[in-house]
Amino acid sequence: MEEKEGLAYLREHGIDADAGMRYADTCYEFYGQLISIFIEEYQGKRETAEKEAKKEGREYTVLVHGLKNNAKALGAFSLSELAYEHEKASKAGDGIYILEHLEELLAEWKKTVEIFKKINN
């Protein structure tokens, strides 16, 4: 997708493309590369998240911390905020919160990846 069309699509679907572009030093090609990495890492990290969420360990905290930062850098603030809530819960040892809200996080993560896939072909 061309830059103008791609950024408009992201905005229409709840992604703050301007924030993502600022992070990418206003380079659409670089932003696209960052999005590609986010997409490529999704499946493996999702599987790890599902396993680690049940263990309430440091691995889960590190994973959701990274997800929070990566999503924020790309302008996916809804996903970033959900990951932040999971990070706080994990640090506090609140496994109940994590398990009760895991599907919400995973659904938002999947939705975000699907949005990014539409512009990254």
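Buried means under 20% relative accessible area, exposed means over 50%, and partly exposed is whatever falls in between (1.4 Å probe, protein chains only). All the views below come from a predicted model, where local features need pLDDT of at least 70, side-chain atom pairs count only at pLDDT 80 or more, and totals for chains, interfaces and linings use all residues. Residues are numbered from 1 along each chain as its sequence is written, and side-chain values use heavy atoms, with hydrogens and water left out.

**View 1. A salt bridge between Arg-11 and Asp-18.** A salt bridge here is a side-chain nitrogen of Lys or Arg within 4 Å of a carboxyl oxygen of Asp or Glu. By that rule, the count comes to nine. In this one, the N to O distance is 2.7 Å. Arg-11 is partly exposed, at 41% relative accessible area, and Asp-18 is partly exposed too, at 39%.

**View 2. Lys-88 and Glu-85, paired along helix 5.** Helices (H or I, at least four residues) and strands (E, at least two) are DSSP runs, numbered from the N terminus. Helix 5 covers residues 77-92, and these two partners sit three residues apart in it, which means about one helical turn separates them. Their side chains meet in a salt bridge of 3.3 Å, N to O. How accessible is each partner? Lys-88 comes out at 38% and Glu-85 at 25%, so both count as partly exposed.

**View 3. Glu-87 and Lys-91, another salt bridge in helix 5.** The closest N and O atoms of this pair are 3.3 Å apart. The two residues are four places apart in helix 5, about one turn. Which partner is buried and which is exposed? Glu-87 is buried, with a relative accessible area of 3%, whereas Lys-91 is exposed at 61%. Zoom out a little and Lys-68 joins in: salt bridges with shared partners link Lys-68, Glu-87 and Lys-91 into one network.

**View 4. His-13 and Thr-112, far along the chain but 8.9 Å apart in space.** That distance runs C-alpha to C-alpha, and 99 residues of sequence separate the two. His-13 belongs to the loop between helix 1 (3-12) and helix 2 (17-23), and is partly exposed at 34% relative accessible area. Thr-112 lies in helix 6 (residues 95-119) and is buried, at 2%. What does Thr-112 touch, leaving aside neighbours within four places in sequence? Its contacts (heavy atoms within 4.5 Å) are Ile-15, Phe-38, Ala-76 and Leu-79.

**View 5. The largest nonpolar core, with 36 residues.** A nonpolar core is a set of buried Ala, Val, Leu, Ile, Met, Phe, Trp, Tyr and Cys residues joined through side-chain atoms within 4.5 Å. Tyr-31, Trp-109 and Phe-116 have the most contacts inside this one. The elements giving it two or more residues are helix 1, helix 2, helix 3 (28-53), helix 4 (58-74), helix 5 and helix 6. In soluble globular proteins, nonpolar side chains tend to be buried together. Beyond four places in sequence, Trp-109 has contacts that include Phe-38, Tyr-42, Leu-63, Leu-67 and Leu-79, as well as Lys-45 and Arg-46.

**View 6. Helix 3 against helix 6.** Axes are lines fitted to C-alpha atoms, for helices over the stretch in contact, and angles run from 0 to 180 degrees between N-to-C directions. These two axes come within 10 Å and cross at roughly 155°. Angles under 35 degrees count as roughly parallel, over 145 as roughly antiparallel, 65 to 115 as roughly perpendicular and the rest as oblique. Helix 3 and helix 6 are therefore roughly antiparallel. Their crossing is left-handed, the term for a near helix turned anticlockwise from the far one by less than a right angle (clockwise would be right-handed). Among the residues that meet here are Tyr-31, Phe-38 and Tyr-42 in helix 3, with Trp-109, Thr-112 and Phe-116 among those in helix 6.

**View 7. Helix 5 on helix 6.** The axes come within 9 Å and cross at roughly 155°, so this pair is roughly antiparallel. The crossing is left-handed. Helix 5 residues at the interface include Leu-79, Leu-82, Glu-85 and His-86, and helix 6 residues include His-101, Leu-105, Trp-109 and Thr-112.

**View 8. Helix 4 on helix 6.** Here the axes come within 13 Å and cross at roughly 35°, again in a left-handed crossing. Tyr-60, Leu-63, Val-64, Leu-67 and Leu-74 in helix 4 meet Ile-98, Leu-102, Leu-105, Trp-109 and Phe-116 in helix 6.
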